[in-house]
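User: I would like a close look at a single part of the structure shown here. Please set it in the context of the rest of the chain afterwards.

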Amino acid sequence: MKKQIAIITPVPEMVNSVVQQSMLRRAVEQEKVDLHCVNLRDFGKGNYRQIDDKPFGGAVGMVMMAKPLFQAIDSAIELVGGSKNLRVIYPSPQGELWSHKHAVENSKVDKLIVICGHYKGIDERVIEKYVCLLYTSPSPRDGLLSRMP
């Protein structure tokens, strides 16, 4: 079965540009992966397709709104063929450190949805309802790269 991947982002042109310069492009060309880029702004509110709002509780900054994300995730689930054997991941500084173990685990999943955050993060209700894994990547400034196998 061909792997199904959906990327939810407010900047699909940037994601598509990166994909065209990556190994993922070859996987798509070789028909090993179906890649769907979901434009979060298609689900935005009002004439300006708003996807961000102030966080609940009055904290500083902006977060991505729950309703557009819920709609985009539901659309992505349809694009990848349903919720069976599906994992939704969200890269976040609060997540686990991405490792080879995570890569292997995700390679065994038939359907993967990646939420590309923006601003200060995403509404916590989205994480509670859909997200299976939060992860962060190692950073040279953490000194973590020197500890990677």
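How many residues apart are E29 and R25 in helix α2, and by about how many helical turns are they separated?

Analyst: E29 and R25 are 4 residues apart in helix α2, which covers residues 23–29, and are therefore separated by about one helical turn. Helices here are DSSP runs of H or I with at least four residues, strands are runs of E with at least two, and both are numbered from the N terminus. The model is a predicted one, in which local features need pLDDT of at least 70 and side-chain atom pairs count only at pLDDT 80 or more, while totals for chains, interfaces and linings use all residues. Residues are numbered from 1 along each chain as its sequence is written, and side-chain values use heavy atoms, with hydrogens and water left out.

The two residues are joined by a salt bridge, with 3.1 Å between the closest N and O atoms. The term stands for a side-chain nitrogen of Lys or Arg within 4 Å of a carboxyl oxygen of Asp or Glu. E29 has a relative accessibility of 52% and counts as exposed, while R25, at 28%, counts as partly exposed. The classes are buried for under 20% relative accessible area, exposed for over 50% and partly exposed in between, with a 1.4 Å probe and protein chains only.

V28 belongs to helix α2 as well. Its relative accessibility is 33%, which makes V28 partly exposed. Apart from neighbours within four places in sequence, V28 is in contact (heavy atoms within 4.5 Å) with V33 and L35. K3 lies 25 residues from V28 in sequence, and the C-alpha atoms of V28 and K3 are 9.7 Å apart in space.

After the helix, E31 sits in the loop that runs from α2 to β2, a strand of residues 33–39. The phi angle of E31 is near 55°, which is positive although the residue is not glycine. With 57% relative accessibility, E31 counts as exposed. A positive phi recurs at N85, again near 55° and again in a residue other than glycine. N85 is placed in the loop between α3 (66–80) and β5 (86–97), and N85 is partly exposed at 36%.

The salt bridge in α2 can be set beside others. Over the whole structure, the search finds 4 salt bridges. One of them links the side chains of R49 and D42, with 3.4 Å from N to O. Both partners are partly exposed, R49 with a relative accessible area of 42% and D42 with 49%. Another pairs R125 with D123, where the closest N and O atoms are 2.8 Å apart. D123 is buried, its relative accessible area being 16%.

Two further residues give some distances across the chain. E124 is part of helix α5, residues 124–129, and is partly exposed at 47%. Q94 is 30 residues away from E124 along the chain, and 12 Å separate their C-alpha atoms. G46 occupies the loop between β2 and β3 (52–53), where G46 counts as exposed at 57% relative accessibility. Between G46 and L112, which are 66 residues apart in sequence, the C-alpha distance is 29 Å.

As for the chain as a whole, its secondary structure amounts to 5 helices and 7 strands. In sequence order the pattern reads β-α-α-β-β-β-α-β-α-β-α-β. The radius of gyration is 16 Å, close to the 15 Å that the globule rule gives for 149 residues, so the chain is as compact as a globular protein of that length. That radius is taken over C-alpha atoms, and the rule is 2.2 Å times the number of residues to the power 0.38. Along the principal axes, the C-alpha atoms fill a box of roughly 40 × 40 × 30 Å.

Of the 149 residues in the chain, 38% are buried. Among contacts with a separation of 6 or more, 75% come from residues 24 or more positions apart. The exposed area of the chain is about 9400 Å² (Shrake-Rupley method, 1.4 Å probe), and carbon and sulfur atoms supply 53% of that area.
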